Amino acid sequence: MSVDEEKKSDSITENVVAVSNDAASDDFNLLIAENRQAGERSLVRKLDSRLMPTAVAIYLLNYIDRVAVTAARLQGLEADLGLSDVQYEAVLAILYVTYCPAQIPSNMVFGVNGTLLRPSLYIGGCVVAWGLTSALTGITHNYTGIMVCRVFIGLPELIAAGILSRMEGGAITMFFGFLTMWLLPDFPHNTGWLNAAERRLAQVRLAEDAGEADKDAADLTIYDGLLLAIKDPKTFIFMLISFSQLLGLSYINFFPTLTATLGFNTTITFLMAAPPWIFASVCCVLNAWHADRTGERFFHITGWMWVVIVGYIVSLSTMATGGRYFSLFLMTVGYCGFALTLTWVSNAIPRPPAKRSVAIGLVNGFGNLGNMVGSFVWKASWGPEYHQSMIIALCSLVFSTMLSVAMRMVLIKENNRMDMEEKTLMEGPGRERIEEAARLEGITFEEAVKRRKGFRYLY
């Protein structure tokens, strides 16, 4: 964006926000219609240009690590370090021993409205710590050494991750960590590279999205947020959904091993492992885009789990190279659904922010225990068919679907309750007040009712 374009954008945003603060202004509707869309497009473009590439890079580095150990297995990791089958499974699982329980305090240290730590500095610091630990991984020569590294790698992966490889990888990750501190936004009210008008518009957008301000009460503490989260039954349903999803998708820790069952050499196996994930990446972007456009959540999440179930059924039915390889494509797209699960948590438990933050930590932390359990599901002795492993994973995905159905019913019930409350409000004295307000504002009764429509859960 050029300097002139940015100045024009800032001017538009300032006009929109100024008028938004005075809804009774004669020019309010006109300015909203003409300028707000342009102002919002400029704001979203500015945020996305920094947030999306950074988030994608961090997520990519995260999963490069998670499959690095499984890739090393094909190149003789177990023999080099003298690992038994159980020890190798423990190496995979130990990361989650620190990663999972640290999720909740990790989210809590942000404090209410970010008063303790700024997200950009915290996430960047985690990436730097991860890079340092990764740089030290190269000195490990036995089971004890790699276990210690995996324990400490699990801690900075509270939120961010880097590359588990050699010294060069760690240095790159540390560099990216410092870059992250500048690239990422913080909260709408304190992101330094947004001007005052853009920060205000961002807050307005969040408030409209949830039907109230995206801000905690002045007397609300981070511990209150924890209490509110654990009192909400939806939190525990989502925790179980996430756990069962990740147990059902735990093949990711053994994906190169599964690809190796096709019978090719190590180099070709690595090459064949890539296309399913490229396909899944494209599906993931399209799924997220469509979910955002429609506001639908259930089918955009569980539908992909059903595809994975079909993939498991195909693998259970044949050992033919073509059928097995096709099933790998079906299995990888499960992450298209899982990627939206935390988004659904934010939609279903949106306010106050302190509660939402802890709920996300609980769901993500408990959910990743599914990965830890899954580390012991894909036993080498069950290969190359891995029928027992696939049956366990398939049943877990069926269970996650049942829980998602229950969550959808809960949210529909809540929306119906709010509809009834608003209907009651619009009868008798309540209707008279709305009619009077419509007359004073010069709008129709239907328009006034639409303005009064409050927040609704996405399901």
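**Exercise 1. Determine what share of the protein chain is buried, and describe its secondary structure.**

Solution. In this predicted model, buried residues make up 49% of the 459 residues in the protein chain. A residue is called buried if its relative accessible area is under 20%. The secondary structure comes to 22 helices and 0 strands. The surface may be described next: the chain exposes about 21900 Å², and carbon and sulfur atoms supply 66% of that area. Finally, the contacts: among those between residues at least 6 apart in sequence, 77% join residues at least 24 apart.

**Exercise 2. Examine helix α4 (residues 85-99): compare its span with the expected value, locate its kink, and state how many of its residues are buried.**

Solution. Step one concerns the span. Helix α4 has 15 residues, and at 1.5 Å a residue it should span 21 Å. The expected value is 1.5 Å times one less than the number of residues. The end C-alpha atoms of α4 are 23 Å apart, which agrees with the expectation.

Step two concerns the axis. A kink of about 30° is centred on Leu-92.

Step three concerns the cover. Of the 15 residues in α4, 11 are buried, so the helix is mostly covered. Leu-92 is itself one of the buried residues, which also include Tyr-88, Glu-89 and Tyr-99.

**Exercise 3. Which parts of the chain does the salt bridge between Lys-355 and Asp-232 link, and are these two residues buried or exposed?**

Solution. The structure holds 4 salt bridges. In the one between Lys-355 and Asp-232, the closest N and O atoms are 2.9 Å apart. Lys-355 belongs to helix α18 (residues 353-367), whereas Asp-232 lies in the loop between α10 (222-231) and α11 (233-248). The pair therefore links distant parts of the chain, 123 residues apart. Both Lys-355 and Asp-232 are buried. A network of salt bridges links Asp-232 and Lys-355 with Lys-234.

**Exercise 4. Describe the sequence separation and the exposure of the salt bridges Arg-417 with Glu-414 and Arg-456 with Asp-419.**

Solution. Arg-417 and Glu-414 meet at 3.0 Å, N to O. They are 3 residues apart in helix α20 (residues 387-425), which means that about one helical turn separates them. Arg-417 counts as partly exposed because its relative accessibility is 39%, and Glu-414 is partly exposed at 25%.

Arg-456 and Asp-419 meet at 2.8 Å, N to O. Arg-456 lies in the segment after α22 (445-452) and Asp-419 in helix α20, so this pair ties together parts that are 37 residues apart in sequence. Arg-456 is partly exposed, with a relative accessible area of 22%, and Asp-419 is partly exposed at 34%.

**Exercise 5. Classify the aromatic pairs Tyr-251 with Trp-277 and Phe-299 with Trp-306.**

Solution. Two quantities describe a pair of aromatic rings: the distance of the centres and the angle of the planes. The whole structure contains 15 aromatic pairs.

For Tyr-251 and Trp-277, the centres are 6.4 Å apart and the planes form an angle of 25°, giving a stacked pair. Tyr-251 lies in the loop between α11 and α12 (255-260) and Trp-277 in helix α13 (residues 266-294), so the pair ties together parts 26 residues apart in sequence. Tyr-251 is buried, with a relative accessible area of 0%, whereas Trp-277 is partly exposed at 23%.

For Phe-299 and Trp-306, the values are 6.3 Å and 75°, giving an edge-to-face pair. Phe-299 is partly exposed at 46%, as is Trp-306 at 35%.

Technical notes: Residues numbered from 1 in each chain as written. Predicted model: local features only at pLDDT ≥ 70, side-chain atom pairs only at ≥ 80, totals over all residues. Heavy atoms only, no water. Salt bridge = Lys/Arg side-chain N within 4 Å of Asp/Glu carboxyl O. Helix = DSSP H or I, 4+ residues; strand = E, 2+ residues; numbered from the N terminus. Buried < 20%, exposed > 50% of the residue type's maximum accessible area, 1.4 Å probe, protein only. Bend = angle between axes of the 7 residues up to and from the residue. Contact = heavy atoms within 4.5 Å. Areas by Shrake-Rupley, 256 points an atom, 1.4 Å probe, with all protein chains shown as cover. Phe/Tyr/Trp six-rings, centres within 6.5 Å; stacked < 30°, edge-to-face > 60°.
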